[in-house]
Amino acid sequence: MTAQELATTLQGKLIVSCQAPPGDPMRETSTLVRLALSAVAGGGAAIRANDPEVVAAIAAVVDLPVIGLWKDGDVGVFITPTVRHALAVAGAGAAVVAADATDRPRPDGSTFAELVEAVHAAGALVMADVSTLAEGVTAAELGADFVSTTLSGYVPGTPKQTGPDLDLVAALSAAIDVPVVAEGRINTPEEAAEALARGAHSVVVGTAITAPTALTARFVAGITRP
Ligand SMILES: CC(=O)N[C@H](C=O)[C@@H](O)[C@H](O)[C@H](O)COP(=O)(O)O
């Protein structure tokens, strides 16, 4: 699928992130496949998933594009940090490889440009996960097919917010021609619609749909008196 074809497919649509953190009871491949099937049944347009094994299992049974990544570790650049990780995700059947495109050093000393080149050569597209406007502009210049606000709030120096970074969505949408994906802390359908209204091409929602542990904790906190 070309970048243009996929952009047309995803325009104004919901991408459901089916992930579970380390140690979570939901972190099991067949469980994550069930989450993806639920996302399909509910009308999702694409699935975002972590780990080549999970990507392959979802791609085998879900007739939607899979945006794959491979989280390795939890400090610095850990979302698809190297070309090796990216090619494993592409090889698992992801239509799009999502990777950290922040301006931090990658653990193998490679560049985001090298990752883009390798993924394109493997026949897949690239989603750049960024935390700032400048990173998104650079990622687009380096050939990313989509730019996502995934990492705003998770990189030192970026604003910590309880909701999505809609200002970044708007700024990126005005600055680049590459489709901008709103991702991170979209908690309600209204916030998803607002992100589209602020210029997002499509939206990714994870926790609010697919994370019962975090959602339970949110309710528990809500009824617990200080
Ligand atoms: C920062 C980071 O590691 N984000 C990850 C990226 O794949 C996922 O853990 C998020 O769940 C995903 O971005 C969707 O966001 P939210 O779950 O807030 O809707």
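Here a visitor asks a guide how some descriptions of this predicted model are reached.

Visitor: How do you know how confident the predictor is in the protein chain?

Guide: By its pLDDT, a confidence that runs from 0 to 100. The protein chain averages 97, and 100% of the residues score at least 70. The model also has an ipTM of 0.98 and a pTM of 0.97.

Visitor: What makes the protein chain as compact as a globular protein of its length?

Guide: The globule rule gives 17 Å for 226 residues, and the radius of gyration here is 16 Å, which is close, so the description holds. Along the principal axes, the C-alpha atoms fill a box of roughly 50 × 35 × 35 Å. Within the chain there are ten helices and eight strands.

Visitor: How many of the contacts join residues at least 24 apart in sequence?

Guide: The share is 59%, counted among contacts in the protein chain between residues at least 6 apart.

Visitor: Why are some residues called buried?

Guide: A residue earns that word if 20 or more other C-beta atoms lie within 10 Å of its own. Buried residues make up 48% of the 226 in the protein chain. Helix α6, residues 133-141, offers examples: Glu135, Gly136, Thr138, Ala139 and Ala140 are buried there.

Visitor: What covers those buried residues of α6?

Guide: The cover includes the helices α5 (112-121) and α7 (166-175), together with the strands β5 (125-129) and β6 (146-148). After α6 comes glycine 143, with a positive phi near 105°.

Visitor: What makes a group of residues a nonpolar core?

Guide: Its members must be buried residues of certain kinds, Ala, Val and Ile among them, joined through C-beta atoms within 7 Å. The largest such core here has 69 residues, and those with the most contacts inside it are Ile58, Ala94, Val96, Val97, Ala144, Val147 and Val203. Helix α4 (residues 83-91) gives the most to this core, six residues. In soluble globular proteins, nonpolar side chains tend to be buried together.

Visitor: Which residues is isoleucine 58 in contact with?

Guide: Setting aside neighbours within four places in sequence, isoleucine 58 is in contact with Leu32, Val33, Ala36, Ile47, Ala49 and Val66.

Visitor: Which residues come nearest the ligand?

Guide: Ser17, Tyr154, Arg185, Gly206 and Thr207 do, out of 15 residues around the ligand. The elements giving two or more residues to this shell are β8 (202-205) and α9 (207-210).

Visitor: How do the residues of that shell divide?

Guide: Seven are nonpolar, six polar and two charged.

Methods
Residues are numbered from 1 along each chain as its sequence is written. This is a predicted model: local features need pLDDT of at least 70, side-chain atom pairs count only at pLDDT 80 or more; totals for chains, interfaces and linings use all residues. A residue is buried if 20 or more other C-beta atoms lie within 10 Å of its own, exposed if 12 or fewer, and partly exposed in between; C-beta atoms are placed from the backbone. Helices (H or I, at least four residues) and strands (E, at least two) are DSSP runs, numbered from the N terminus. Two residues are in contact if their C-beta atoms, placed from the backbone, lie within 7 Å. A residue is near a molecule or strand if its C-beta atom, placed from the backbone, lies within 6 Å of it. Ala, Val, Leu, Ile, Met, Phe, Trp, Tyr, Cys and Pro count as nonpolar, Asp, Glu, Lys and Arg as charged, and the others, Gly among them, as polar. The radius of gyration is taken over C-alpha atoms; the globule rule is 2.2 Å times the number of residues to the power 0.38.
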